[in-house]
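User: Please examine one part of this model closely and set it in the context of the chain as a whole. A formal, connected account with explicit cut-offs would be preferred.

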Amino acid sequence: MSKAASLLKPLMPIVSAAYGIVIIYVTALPLTGDHPNFVGEMLTWLITLAGIALTLLLVRRVEPKVFPTTRQFPLRLPKASVVIGLLLIAPLWLVAEGYIVYGITSLAHTVQMEPLAYAADELREDLLASIHAVLLAPVLEELCFRQMAISPFRSRGAQIAACVVMAILFGIFHVRNFPGAFISAMLYGVVFIWSRNIWYSITIHAGRNLTATLLAVYCWLQPGNMLMTKTPVIILPDMKVFIASVFLAIIGVLLLKKKQ
């Protein structure tokens, strides 16, 4: 490793976060305004795809030449059973995240929860945005905030330290949802370090966002009662959602064990 690379290496979490924030900001430009529309969403999807392509080029071609240790985290796709298993575990994570953030926030002050409800117009807008949130955003965010930032470090301790730094920056980037974003980012980072495969983190991230979308539909159909608060963002599902998420997680774990 060159002297310049040695000096740059400790700064990679900051550099990766700055790069990721700029790319994500650019992808969101077509959605500026009070009423996002289909054309704006399409432009965001296209810009995000371009951002993913550029980031893949950086992590596959450029970063390994600067930091040879990044080759310990190859970009190979996991088996279908692993993807399905992780997607089935993701709903329980979203439920757990809500209760963890609720518990932490309750230590500081009383949390005033309100019933969560969706109007038809709100649901249409969220479903349109969810295509980006489920299929594209997790890929771009995990490549920037996990792959680029953590892979240059060889020791497990340095990787965990980079994971914590990126979780803090990821939480700050999500502003109102800092606690939930920080906790989720820690999970994504630990999964990445454990699996040595960024697609594991991408899958859980996508599954978490997909679950949030399905819960929006669930609230619109009104088969049960869910509570939420906006600052920080906390969603507490009802017992039916909790039981369903536990059941799906059990199936997901069995699929992952079968893979091993």
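Analyst:
**The sheet and its surroundings**

The chain carries 20 positive and 12 negative side chains, and the centres of the two sets lie 22 Å apart. Here Lys and Arg count as positive and Asp and Glu as negative, while His and the chain ends are not counted; each charge is placed at NZ of Lys, CZ of Arg, CG of Asp or CD of Glu.

The model is predicted, so local features need pLDDT of at least 70 and side-chain atom pairs count only at pLDDT 80 or more, whereas totals for chains, interfaces and linings use all residues. Residues are numbered from 1 along each chain as its sequence is written, and side-chain values use heavy atoms, with hydrogens and water left out.

Ten helices and three strands make up the secondary structure of the chain, where helices (H or I, at least four residues) and strands (E, at least two) are DSSP runs numbered from the N terminus. Their order along the sequence is α-α-α-α-β-α-α-α-α-α-β-β-α. The radius of gyration, taken over C-alpha atoms, is 19 Å, which agrees with the value near 18 Å for a compact globule of 260 residues; the globule rule is 2.2 Å times the number of residues to the power 0.38. Along the principal axes, the C-alpha atoms fill a box of roughly 60 × 45 × 40 Å.

The part chosen for a close look is the sheet. The three strands form an open sheet in the order 1-2-3, with antiparallel pairing; two strands pair if DSSP finds at least two bridges between them. Strand 1 (114-115) and strand 3 (234-236) each have a single partner strand and stand at the edges, so one side of each lacks a neighbour in the sheet. Strand 2 (residues 227-229) runs antiparallel to strand 3 and is joined to it by three bridges. In one such pairing, M228 has I235 of strand 3 as its bridge partner. In general, strands of a sheet pair through backbone hydrogen bonds, either parallel or antiparallel.

C219 belongs to helix 9 (residues 198-221). With 5% relative accessibility, C219 counts as buried, that is, under 20% relative accessible area, against over 50% for exposed and partly exposed in between (1.4 Å probe, protein chains only). Leaving aside residues up to four places away in sequence, C219 touches L116, Y118 and M226, a contact being heavy atoms within 4.5 Å. The C-alpha atoms of C219 and A119 are separated by 9.3 Å, although their positions lie 100 residues apart along the chain.

A second link to the sheet comes from E97, in helix 4 (residues 80-108). The C-alpha atoms of E97 and L236, 139 residues apart along the chain, are separated by 9.2 Å. E97 counts as buried at 4% relative accessibility, and touches N177, G180, S184 and R208, not counting residues up to four places away in sequence.

These separations in sequence can be set beside the totals for the chain. Among contacts between residues at least 6 apart in sequence, 76% join residues at least 24 apart. Buried residues account for 45% of the 260 residues.

Before helix 9, the loop from helix 8 (178-195) holds R196. Phi of R196 is near 60 degrees, a positive value in a residue other than glycine. Most residues other than glycine have a negative phi. R196 counts as partly exposed, at 26% relative accessibility.
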